[in-house]
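Colleague: Please take me through the terms used to describe this structure. For each one, I should like the value set against its cut-off.

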Amino acid sequence: MTQEVQTDPSADDIAKEVAAAIVAHKLPPGTRLREEALAKVYKVSRTKIRAALLMLSKDKLINIVPDKGAFVSKPDANEAREVYAVRRILEAALAREFVAHAKAADFRRIDAHLAEERKALDSGDVQTRNRLLSHFHILLAETVGNSVLTGMLRELSARSAVITVLYQSSHDASCSSQEHHAFIEAARAGDTERACALMDEHLQHVQTALNFSGGHQAGNDLVTALLS
């Protein structure tokens, strides 16, 4: 994050800055986001801060607890296990449907997406990297054309994205992108069973590689974290 805060930032600007701090682990899981402190940092009203926090809440990066305040999300190993268990069930069916429905234009769109994943990985852009890794699965669902399935995966992917932002290493993120490539190649070859197996292995790998060992320490000074 930059040393200086821009003059009169919008709620969206503030949300993006705070999200970047969370992704960079400057604001660890469980950190309380005090409206007053944020308002002083950004020199804006608390009304604008509340709007920014609401955006972050919708992305599930923070939890807003009535009468207590806003806190950086703190998903645990049990939540991750439950999220990925549901995803493995849904995405086994998704993989099968994708192989059956994907056309040449769909593969071109996903190839372009995979190129963007690699670019984000190479540049070290963690926030973009995680967004793209998550959106890969949404693209598969959109190709299938089932709006209910797509909606369910958007919700689960949002929760997964927070988990991976907080607990996935850069090495494991790179492995995830390679597994996306492998899945697409199997799908392009029309090998349904291999594609389904690769998708299940991919989601299992992501879950088992998450590090919940407690390396992130809460309690950073908010102003220092945001401006460092």
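The exchange below concerns helix packing, burial and backbone angles.

Modeller: This is a predicted model, in which local features need pLDDT of at least 70, side-chain atom pairs count only at pLDDT 80 or more, and totals for chains, interfaces and linings use all residues. Residues are numbered from 1 along each chain as its sequence is written, and side-chain values use heavy atoms, with hydrogens and water left out.

Colleague: Why is α4 called oblique to α6?

Modeller: The axes of helix α4 (residues 77–101) and helix α6 (residues 126–144) cross at roughly 55° and come within 9 Å. Angles under 35 degrees count as roughly parallel, over 145 as roughly antiparallel, 65 to 115 as roughly perpendicular and the rest as oblique, so α4 is oblique to α6. The axes are lines fitted to C-alpha atoms, for helices over the stretch in contact, with angles from 0 to 180 degrees between N-to-C directions. Helices are DSSP runs (H or I, at least four residues), as are strands (E, at least two), numbered from the N terminus.

Colleague: Which residues make the contact, and what is their character?

Modeller: Contact means heavy atoms within 4.5 Å. From α4 come Arg87, Glu91, Leu94, Glu97, Phe98 and His101, and from α6 His137, Leu140, Ala141, Thr143 and Val144. They divide into five nonpolar, three polar and three charged residues; Ala, Val, Leu, Ile, Met, Phe, Trp, Tyr, Cys and Pro count as nonpolar, Asp, Glu, Lys and Arg as charged, and the others, Gly among them, as polar.

Colleague: What makes α1 oblique to α3?

Modeller: Helix α1 (residues 11–23) and α3 pack at about 55°, their axes 8 Å apart. That angle makes α1 oblique to α3. The contact, which includes Ile14 and Val18 of α1 and Ile49 and Met55 of α3, divides into ten nonpolar, no polar and two charged residues.

Colleague: What is the hand of each crossing?

Modeller: The crossing of α4 and α6 is left-handed, and that of α1 and α3 is right-handed. A crossing is left-handed if the near helix is turned anticlockwise from the far one by less than a right angle, and right-handed if clockwise.

Colleague: How do you know whether Thr164 is buried or exposed?

Modeller: Buried means under 20% relative accessible area, exposed over 50%, and partly exposed in between (1.4 Å probe, protein chains only). Thr164 has 8%, and is therefore buried. Thr164 lies in helix α7 (residues 147–167), and its side chain forms a polar contact of 3.4 Å with that of Asn130.

Colleague: Why is Met199 called buried?

Modeller: Met199, in helix α9 (residues 192–209), has a relative accessible area of 2%, so it counts as buried. Leaving aside neighbours within four places in sequence, Met199 is in contact with Glu91, Ala95, His137, Leu140 and Phe183.

Colleague: What is notable in the backbone of Lys43 and Lys60?

Modeller: Most residues other than glycine have a negative phi. Lys43 has a positive phi of about 55°, and phi of Lys60 is near 65°, also positive. Lys43 lies in the loop between α2 (35–42) and α3 (46–58), whereas Lys60 is in the loop between α3 and β2 (62–65).

Colleague: Why do Lys43 and Lys60 fall into their accessibility classes?

Modeller: Lys43 is at 70% relative accessibility and therefore counts as exposed. Lys60 is at 27%, so Lys60 counts as partly exposed.

Technical notes
A polar contact is a pair of N or O atoms within 3.5 Å; within protein, one must be able to donate a hydrogen and the other to accept it, and residues adjacent in sequence count only if both atoms are side-chain atoms.
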